[in-house]
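Work through these exercises with the model open. Try each task before reading its solution.

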Amino acid sequence: MTQPGSTFLKTLTERGFVHQCTDIAALDEALCAGPIAAYVGFDATADSLHAGSLVQIMVLRWLQKTGHKPIILMGGGTTQLGDPSFRDTSRPLLSDEQIAQNSAGIRKVFSQYLTFGDGPTDAVMVDNADWLDPLRYLPFLREFGTHFTINRMLSFDSVRQRLEREQPLTLLEFNYMVLQAFDFLELSRRHSCVLQMGGSDQWGNIVNGIELARRIDQRQLFGLTTPLLTTSSGTKMGKTAGGTVWLNGDRLPPYEFWQFWRNTEDDDVARFLRLFTELPLDEVQRLARLQGAEINEAKEILATEVTRLAHGEDAAREAAETAHRAFSDHTVAQGLPSIEIPSVDLDAGTPLAALLHLAGLAASRSEARRLIKGGGAKLNGAPITDESALARGTDLRDGVLVLSAGRKRHALVRAI
């Protein structure tokens with residue numbers, strides 16, 4: 001396809017969001033004709049989304065910023081089954097009370113990124129429990145089950161890989177893709193939604209919905225997926241050795257959220273600036289050209305911009321200023337106990353448990369490991385949960401590491 005004519009597809013293409021799209025030319029034409037409604041679904045498996053969901057959240061934000069209507073579909077119904085896509089085991093089944101509590105927590109995230117209301121491009125949040133819970137099973141199977149063949153369902157990667165690993169796939173989970181397809185059909189009927197978006201692991205589910213609407217309502221719907229995101233070192237987005245990078249401030253304080261992005265690997269900075277900030281692309285290119293110690297400027301801008309979107313201007317500014325005092329001015333660090341360690345040892349990797357002991361924050365290595373296991377240890381403001389985690393030269397901030405035990409005990413590790 002040539003350069004998209006719609007601002008939405010042009011923006012997503014230039015910033016690296018597009019992985020696959022069904023009939024992209026027809027979708028582009030629909031986007032150019034006027035506001036469309038598009039949705040992304042989120043199952044309520046926890047009371048907050050994490051950084052791994054930010055790609056989809058940013059896609060919804062760009063959708064609204066370019067004049068279209070975002071729909072957030074909460075999976076109050078499908079969470080009762082659990083999405084089996086690319087999982088070796090079944091998700092634990094949650095109670096109705098847990099699902100309701102998780103849904104309420106997730107709703108907090110979106111108020112930071114989207115404008116809600118009754119206007120043509122205002123975001124709306126709906127719950128698929130509204131139409132899934134009242135379904136009568138046999139009438140549902142008679143009306144919709146004939147449009148899905150077991151042969152085709154077994155061909156999807158998410159199912160095939162589970163079976164190839166000889167991991168059980170329950171009948172409950174097997175129904176998930178049928179219900180997600182039904183979600184798309186219902187949203188097209190209730191909200192004139194014509195586009196479903198999601199990660200590339202959702203491609204099969206999205207195509208099912210498009211086919212169902214074509215066969216039953218003779219309506220053309222579209223699907224667009226984004227790349228599944230990992231860091232340059234292969235780590236899954238949203239997860240670190242220190243734990244999950246939650247988007248809700250009551251699950252992860254803004255300063256620790258800021259530190260996660262400040263610790264971005266050098267090779268990921270430009271990509272993350274395109275995906276997770278709204279900086280103009282020429283500014284992203286300028287920051288991407290920075291090398292050596294200067295790349296820290298780009299990392300701090302990335303951290304501040306992402307935190308601003310997630311937690312607001314004040315929280316982002318406070319997090320950046322706190323980090324600057326701790327790692328640049330050293331006004332917070334003055335008077336803290338410190339130890340020195342050869343740079344070559346850090347480059348090879350030094351156990352954090354050993355450093356906590358050497359810095360006087362734990363009486364022994366075993367106590368340091370218990371401190372880590374209990375969630376009381378931090379490196380550069382980020383929680384450490386892996387008892388065997390290593391500190392490396394890439395963790396240094398202006399030649400130092402900041403170790404913490406609890407909220408009030410800190411120490412510096414200086415590289416020599």
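The exercises below go from the whole chain to single residues, using a predicted model.

**Exercise 1. The whole protein**

Task: State how many helices and strands the protein has, and what share of its residues is buried.

Solution:
- Step 1. Count the elements: there are 19 helices and 15 strands.
- Step 2. Turn to burial. Of the 416 residues, 50% are buried.
- Step 3. Look at the surface. The accessible area is about 19,100 Å², and carbon and sulfur atoms account for 50% of that area.
- Step 4. Check the contacts between residues at least 6 apart in sequence. Of these, 74% link residues at least 24 apart.

**Exercise 2. An open sheet**

Task: Find the order of the five strands in the open sheet, and say which strands stand at its edges.

Solution:
- Step 1. Trace the order: β9-β15-β14-β11-β12, with mixed pairing.
- Step 2. Find the edges. β9 (338-341) and β12 (382-383) each have a single partner strand, so one side of each has no neighbour in the sheet.
- Step 3. Recall the general rule. Strands in a sheet pair through backbone hydrogen bonds, in a parallel or antiparallel way.
- Step 4. Apply the rule to β9. Four bridges connect β9 with β15 (residues 409-415), and the two run parallel.
- Step 5. Pick one facing pair: S338 is opposite L412 of β15.

**Exercise 3. Two helices and their spans**

Task: Compare the span of α15 with its expected value, then do the same for α4.

Solution:
- Step 1. Take α15, residues 295-311. Its 17 residues reach 24 Å from first C-alpha to last, close to the expected 24 Å.
- Step 2. List some of its buried residues. Among them are I295, A298, L302, V306 and H311.
- Step 3. Move just past the helix. G312 follows α15 and has a positive phi of about 100 degrees.
- Step 4. Take α4, residues 96-110. Its 15 residues reach 22 Å, close to the expected 21 Å.
- Step 5. Name the buried residues of α4: I99, N102, S103, G105, I106, V109 and F110.
- Step 6. Find what they pack against. The partners are β2 (37-42), α3 (54-65), β3 (69-74) and β4 (124-127).

**Exercise 4. A covered helix**

Task: Say how many residues of α12 are buried, and which they are.

Solution:
- Step 1. Locate α12 at residues 254-262. Seven of its nine residues are buried, and the helix is mostly covered.
- Step 2. Name them: E256, F257, W258, Q259, F260, W261 and R262.

**Exercise 5. Positive phi in two loops**

Task: Locate S192 and Q218, and decide whether each is buried, partly exposed or exposed.

Solution:
- Step 1. Start with the general rule. Most residues other than glycine have a negative phi.
- Step 2. Check S192. Its phi is positive, near 50 degrees.
- Step 3. Place S192: the loop between α10 (176-191) and β5 (193-199). With a relative accessible area of 45%, S192 is partly exposed.
- Step 4. Check Q218. Its phi is also positive, about 50 degrees, and Q218 is not a glycine.
- Step 5. Place Q218: the loop between α11 (203-217) and β6 (222-226). The cut-off for exposed is over 50%. Q218 has 62% relative accessibility, so it counts as exposed.

**Exercise 6. A nonpolar patch**

Task: Find which residues form a surface patch with I150.

Solution:
- Step 1. The patch consists of I150, L154 and L163, with about 250 Å² of accessible area together.
- Step 2. Place I150: it is in α7 (residues 150-155).
- Step 3. Classify I150. Its relative accessibility is 46%, so I150 is partly exposed.

Definitions and conventions. Residues are numbered from 1 along each chain as its sequence is written. This is a predicted model: local features need pLDDT of at least 70, side-chain atom pairs count only at pLDDT 80 or more; totals for chains, interfaces and linings use all residues. Side-chain values use heavy atoms; hydrogens and water are left out. Patches are made of residues with over 30% relative accessible area and no salt bridge: like charges are joined within 9 Å, nonpolar side chains (Val, Leu, Ile, Met, Phe, Trp, Tyr) within 5 Å. Accessible areas come from the Shrake-Rupley method with a 1.4 Å probe; for residues, only the protein chains shown count as cover. A salt bridge is a side-chain nitrogen of Lys or Arg within 4 Å of a carboxyl oxygen of Asp or Glu. Buried means under 20% relative accessible area, exposed over 50%, partly exposed in between (1.4 Å probe, protein chains only). Two strands pair if DSSP finds at least two bridges between them. The expected span of a helix is 1.5 Å times one less than its number of residues. Contact means heavy atoms within 4.5 Å.
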